[in-house]
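I opened my notebook to look up rings, charges and strands in one structure. These are my entries, in the order I made them.

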Amino acid sequence: MKDFYAVIMAGGIGSRFWPISRTAHPKQFIDILGTGKTLIQHTYDRFLKIVPKENIYIVTNDIYRDLVKEQLPDISDSQVLGEPVMRNTAPCIAYACHKISLLNPNASIVVAPSDHLITDTDEFVRNINDSLKTAVEHQCLVTLGIKPSRPDTGYGYIQYNSHTIGENFHKVKTFTEKPNLELAKTFVQSGDFLWNAGIFVWSATAILKAFASYLPEMNDIFVEGESVFNTEAEQAFIQNAYYQCTNISIDYGIMEKADNVYVLPTDFGWSDLGTWASVYELAEKDYVGNAVIPSDKVIMYDSSNCMVNVPGEKLVILQGLHDYIVVEANNTLMICPKSQEQAVKQIVADVKGRFGTEYI
């Protein structure tokens, strides 16, 4: 385990969960399912079963450093990698992997988002351990794919072919961003497509080689910082380096281009918790399909299939609502048909345009 490392990406603002998720306190730091732990705490706990706690790194925006330390008190300052500006997943992965490689050239690294739900932890741990070993043995880039249960247009898809390494790692054929419904149906029916979970596993050697090949300018930026990584000068360097990086995802920058990418089909109860509808699907519901978090002081009459998340101390009465999202937080109340929840991002933009950042 000493050569195994985990990088948890925790820099997003989770705007689709507004008004509960705000810029100052985004969804990864919220107990969105009412479990008693926040999403980043659940993610950290899962990785403690795979890697030593000192080998877990959190990449986040500088403004969330204190939140990370507050919610993960066992993490040291050196394990929190602060980003001065959001630049998508490729720069944060380059930063973390260069830093880890200098500490341990034999490192095997799993990279995962901080805000996903996984219900079968034992299966997840088994899959990650298998992937770490396969990535080292074959010096390949591994991504985890989720066996699709429905034609979902909110996920990216990974197509694989029959060529395998190990027993279950399939050569990746194509990556497809969020498709329309007809294409998603075709993907699911074909049987050789998986949902893209955004979880990656590789050796430090393999991923840095890939950066040098496919994102050389970005790689050079972090190579220049190798003399200051893991020193007091690291943060000052990063403050400057990030502004030189292009805004690009690891999928587009490397995974779609590299010829040594393999996918492991998995089924460990995964959800990216990307929308209120995904929370509704996972939450406990009453006999008419209402999901209420918390439920102590919410009274519902002639209402069904609603997703309700309101402050626990507030008495809320709803009558005659069917298939709605009702959310209150931070002096903001939003009532929205579930069928129109994709409009939340636009609502946030409109609120910002009208009232500034006070409610965002």
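**Aromatic rings**

I started with a cluster: Y95, F222, F229, F237 and Y242 form one aromatic cluster. I noted that this is a predicted model.

Next I asked how many aromatic pairs the structure holds. The count is 16. I picked one of them, F355 with Y359. Their ring centres lie 5.8 Å apart, and the planes meet at 75 degrees. That makes the pair edge-to-face, because an angle over 60 degrees counts as such.

Are these two rings buried or exposed? Neither word fits. F355 has 47% relative accessibility, so F355 counts as partly exposed. Y359 has 21% and also counts as partly exposed. The cut-off for buried is under 20%, so Y359 does not qualify.

**Charges over rings**

I then looked for lysines placed over rings. Which ring lies under the charged end of K257? I found Y252 there, with its ring centre 4.3 Å from that charged end. I wrote down a second case, K338 over the ring of Y280. Here the distance to the ring centre is 3.5 Å.

**Histidine 98**

I turned to H98 and asked where it lies. H98 is in helix 3, which covers residues 89-103. Its relative accessible area is 2%, so H98 is buried.

What does the H98 side chain contact through polar atoms? I found the side chain of N219, at 2.8 Å. I also listed what H98 touches, leaving out residues up to four places away in sequence. The list is L208, N219, F222, V223, E226 and F229. Two names took me back to my first entry: F222 and F229 belong to the aromatic cluster.

**A sheet of four strands**

My last entry is on a sheet. In what order do its strands stand? The order is 12-14-16-17, in an open sheet of 4 strands with mixed pairing. Strand 12 (291-293) and strand 17 (332-337) stand at the edges. Each has a single partner strand, so one side of each has no neighbour in the sheet. From one strand to the next, the twist averages 10 degrees.

I reminded myself that strands of a sheet pair through backbone hydrogen bonds, either parallel or antiparallel. Then I checked one pairing. Strand 12 and strand 14 (residues 307-309) run parallel and are joined by 3 bridges. Which residue of strand 14 stands opposite V292? I found V308 there.

Technical notes. Residues are numbered from 1 along each chain as its sequence is written. This is a predicted model: local features need pLDDT of at least 70, side-chain atom pairs count only at pLDDT 80 or more; totals for chains, interfaces and linings use all residues. Side-chain values use heavy atoms; hydrogens and water are left out. Rings of Phe, Tyr and Trp (its six-membered ring) pair if their centres lie within 6.5 Å; planes under 30 degrees apart count as stacked, over 60 as edge-to-face and the rest as tilted. Buried means under 20% relative accessible area, exposed over 50%, partly exposed in between (1.4 Å probe, protein chains only). A charge sits over a ring if NZ of Lys or CZ of Arg is within 6 Å of the ring centre and within 35 degrees of the ring normal. Helices (H or I, at least four residues) and strands (E, at least two) are DSSP runs, numbered from the N terminus. A polar contact is a pair of N or O atoms within 3.5 Å; within protein, one must be able to donate a hydrogen and the other to accept it, and residues adjacent in sequence count only if both atoms are side-chain atoms. Contact means heavy atoms within 4.5 Å. Two strands pair if DSSP finds at least two bridges between them. Axes are lines fitted to C-alpha atoms, for helices over the stretch in contact, and angles run from 0 to 180 degrees between N-to-C directions.
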